[in-house]
Amino acid sequence: MFIKRYLLDEIIAHLPKREITLIVGPRQAGKTTLMMHLKDYLEKRREQTLFLSLDFEMDMPYFKSQAELLQRIRLEFGGKKGYVFIDEIQRKENAGIFLKGIYDMQTPYKFIVSGSGSLELKEKIQESLAGRKRLCELYTVSFKEFVNYKTFYRYEDRLSEYFSIKKEDAMHHFKEYLNFGGYPAVILEETISEKIKIMNEIYRSYVDKDITHLISRDRIDTFNNMLRLLAGQIGNMVNYNELSSTLGISLQTVKNYLSWAEKTFVIKRVTPYFKNIRKEISKSPVVYFTDTGMRNFAMHQFGRVMGTEVAGFLFQNFVYRLLLDKVKDDMSTIHYWRTKDKAEVDFVIDMVDRVVPVEVKCREMKKAEIRRSTRSFIERYEPDNVWIVNLTLKAEEKIGKTKILFIPFFELV
């Protein structure tokens, strides 16, 4: 059964636009599968389609020049409208300039292009296609997509009810996702031993294809060690000097490695929220992984996170991904808050005209509890709402004009 990806609806809505639809994301997150389902959708509507991949040797000759590619497309469509799918575009040298030239020829063809998280794709292609593309980021399967797949889409519009009523089943799915993450091939495999083998292949493919050409072979172990160190300190501020000393590399190399890991969609750096530079942390980022399975694999804990008592920061990473999915379509940004006297809030959603501080508690809260740090943030910024995300408790309190909402994590889905 196909894992339904909600990005598909967004891409379908963009099909009438002449802009190139550019689908990017982590390696093996499901981009090719998504494109094939989009191709099927179009063919059912009796639209003309052509699928080409730079992974296929037989398709490579068509990418020697723009003229040869257009000749191949005309053979298929003639001068009529058609939809051209190009997969693994990052394999084409100077791909951005190549696509820009074709787009500027004003052909009747709509291009849907995908590529993995290489730096060539992330930087040069996007820069060359400025004003000529719609960027669609496909990360690994979200928790919402995962639970809907696992429940055969029976509760697709009622997930909150499902979690409230079928608590044991719902928590089983939650723990599975927390452990193994959202890579489609991992989800589709039944046995733990096979999940481990597949995740190992995904990780090796990422290092070999996205990282090796940036870092010399003898430095790959250092990059792997950096990811392991980051996996062990998610939710904590990154200390560049400490990483430099531990890994035995320069400060600039540490920053380069972090940048490459982020640009290849494996981690996200969360910057601090501050208004008072004298009293609040304003520079050091906090790192989260875009996929909990990748984090656990880097930490040698893949499939082995057993109880909530050891999953605190992992749950925080999980909530970060929920928030990321929640704000991706608006102008909101996610930050964290720390003061120099150790007060802290896990996340601050900056909605331009207001902020929402978010505290994360990986436990079954029995009663409403409000930490001193949260009270400190309320005193300074007087937000309309505070979210305290936990495993089970749904409640509401008030401090002055601020509503304190205790939210079970599944209500963020």
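**Figure 1. The open five-stranded sheet of the predicted model**. In this predicted model, five strands form an open sheet with parallel pairing, arranged in the order β2-β3-β4-β1-β5. Strands β2 (49–53) and β5 (133–137) are the edge strands, each of them pairing on one side only. Between neighbouring strands of this sheet, the turn averages 15 degrees, direction ignored.

**Figure 2. Pairing of strands β1 and β5**. Strand β1 (residues 20–24) runs parallel to β5, and five bridges join the two. Within this pair, T21 is placed opposite R134 of β5. In general, strands of a sheet pair through backbone hydrogen bonds, in either the parallel or the antiparallel sense.

**Figure 3. Helices α1 and α3 against the sheet**. Helix α1, formed by residues 7–14, lies across β1, β4 (109–115) and β5. Its direction is at about 170 degrees to that of β5. Helix α3 (residues 66–77) also packs on the sheet, where it touches β2, β3 (82–87) and β4. The directions of α3 and β2 make an angle of about 145 degrees.

**Figure 4. The antiparallel pair β6 and β7**. Four bridges connect strand β6 (residues 267–270) with β7 in the antiparallel sense. Here K268 stands opposite Y288 of β7. Along β7 (residues 286–289), V286 and Y288 point one way, whereas V287 and F289 point the other way. These four residues of β7 are all buried. In a regular strand, side chains alternate between the two faces of the sheet.

**Figure 5. The largest nonpolar core, with F143 in detail**. The largest nonpolar core comprises 81 residues. The residues with the most contacts inside this core are F143, L227, L230, F289, F318 and F409. Helix α15 (residues 312–327) gives the most to the core, contributing nine residues. When neighbours within four places in sequence are left aside, F143 is in contact with the aromatic residues F163, F174, Y177, F318 and F409, and also with H173, L322 and V413.

**Figure 6. The second nonpolar core**. A separate core of 26 residues has F77, A95, F98 and Y109 among its members.

**Figure 7. The buried face of helix α4**. Helix α4 (residues 95–103) has A95, G96, F98, L99, I102 and Y103 as buried residues. Viewed down the axis of α4, the buried residues fall within an arc of 160 degrees, and therefore they line one face of the helix. Two of these buried residues, A95 and F98, are included in the second core.

Key: Residues numbered from 1 in each chain as written. Predicted model: local features only at pLDDT ≥ 70, side-chain atom pairs only at ≥ 80, totals over all residues. Heavy atoms only, no water. Buried < 20%, exposed > 50% of the residue type's maximum accessible area, 1.4 Å probe, protein only. Pairing = 2+ DSSP bridges. Axes fitted to C-alpha atoms, helices over the stretch in contact; angles between N-to-C directions. Contact = heavy atoms within 4.5 Å. Core = buried A, V, L, I, M, F, W, Y, C linked by side-chain atoms within 4.5 Å. Arc of directions from axis to C-beta.
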